[in-house]
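User: I would like to learn how to read salt bridges and the faces of a helix from a set of coordinates. Could you take me through them step by step?

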Amino acid sequence: MKQLIITVFFFFVLATQAQQEIATVKINDSKITSLIFTVDNLSELKTINWKDIKDMVKENKSTDSIALGFRVRSKDKTKRIAYDNSIVVKGKSEDIDEFIKINKRFIKVFENL
């Protein structure tokens with residue numbers, strides 16, 4: 001009888017300890033604070049879909065700081081500088097349209113160099 005009670009108690013403890021609590025993660029707040037494109041040549045920057053960039057930061061609060069820019073890798077690996085051209089514009093999320101305009105202008109300037 002003693003062994004039966006111990007066996008039942010053992011299975012009871014085993015059954016209660018074997019249950020796992022499933023952890024769930026809920027993300028309440030998500031924001032993008034930096035978008036820097038690194039490309040091998042300037043022609044790759046023409047393929048950027050600026051509307052997608054606006055969609056990515058639309059979840060940000062208007063006062064959140066963001067950085068938007070690009071870098072063009074140097075073809076000459078012996079240079080100390082890794083990038084031939086780069087620009088990063090920093091400010092608030094509400095100014096994303098201005099960031100895009102500034103980056104488009106800089107891309108045109110760098111293409112003409």
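Analyst: Let us begin with exposure, bearing in mind that this is a predicted model. A residue is called partly exposed when its relative accessible area lies between the cut-offs of 20% and 50%, and R73, with a relative accessible area of 35%, is partly exposed.

User: Which side chain does R73 meet in a salt bridge?

Analyst: The general idea is to look for a side-chain nitrogen of Lys or Arg within 4 Å of a carboxyl oxygen of Asp or Glu. Here the side chain of R73 meets that of D40, with 2.8 Å from N to O. Because R73 belongs to strand β2 (residues 65-73) while D40 sits in the loop between β1 (34-39) and α2 (50-57), the pair ties together parts that are 33 residues apart in sequence. D40 is itself partly exposed, its relative accessible area being 41%.

User: How many salt bridges does a search of the whole structure find?

Analyst: The search finds five, and two others are worth reading side by side. K51 and D55 form one of them, at 3.4 Å from N to O; both residues lie in helix α2, four residues apart, which is about one turn of the helix. K51 counts as exposed at 57% relative accessibility, whereas D55, at 33%, counts as partly exposed.

User: And where do D97 and K54 lie?

Analyst: D97 lies in helix α3 (residues 96-112) and K54 in helix α2, so their pairing ties together parts that are 43 residues apart in sequence. The N to O distance in this salt bridge is 2.9 Å, and both partners count as partly exposed, D97 at 39% relative accessibility and K54 at 36%.

User: How should I read α3 itself, and which of its residues are buried?

Analyst: Start with its length, comparing the span with the one expected for a helix: α3 has 17 residues and reaches 25 Å from its first C-alpha to its last, close to the 24 Å expected at 1.5 Å a residue. Its buried residues are I96, F99, I100, N103, I107 and F110. Seen down the axis of α3, these buried residues fall within an arc of 95 degrees, so they line one face of the helix.

User: What covers that buried side, and which exposed residues does the face turned away from it carry?

Analyst: The cover over the buried residues of α3 includes α2, β2 and β3 (83-92). On the face turned away from the buried side, α3 carries the exposed residues R105, K108 and N112.

Conventions. Residues are numbered from 1 along each chain as its sequence is written. This is a predicted model: local features need pLDDT of at least 70, side-chain atom pairs count only at pLDDT 80 or more; totals for chains, interfaces and linings use all residues. Side-chain values use heavy atoms; hydrogens and water are left out. Helices (H or I, at least four residues) and strands (E, at least two) are DSSP runs, numbered from the N terminus. Buried means under 20% relative accessible area, exposed over 50%, partly exposed in between (1.4 Å probe, protein chains only). The expected span of a helix is 1.5 Å times one less than its number of residues. The arc is that of the directions from the helix axis to the C-beta atoms. Contact means heavy atoms within 4.5 Å.
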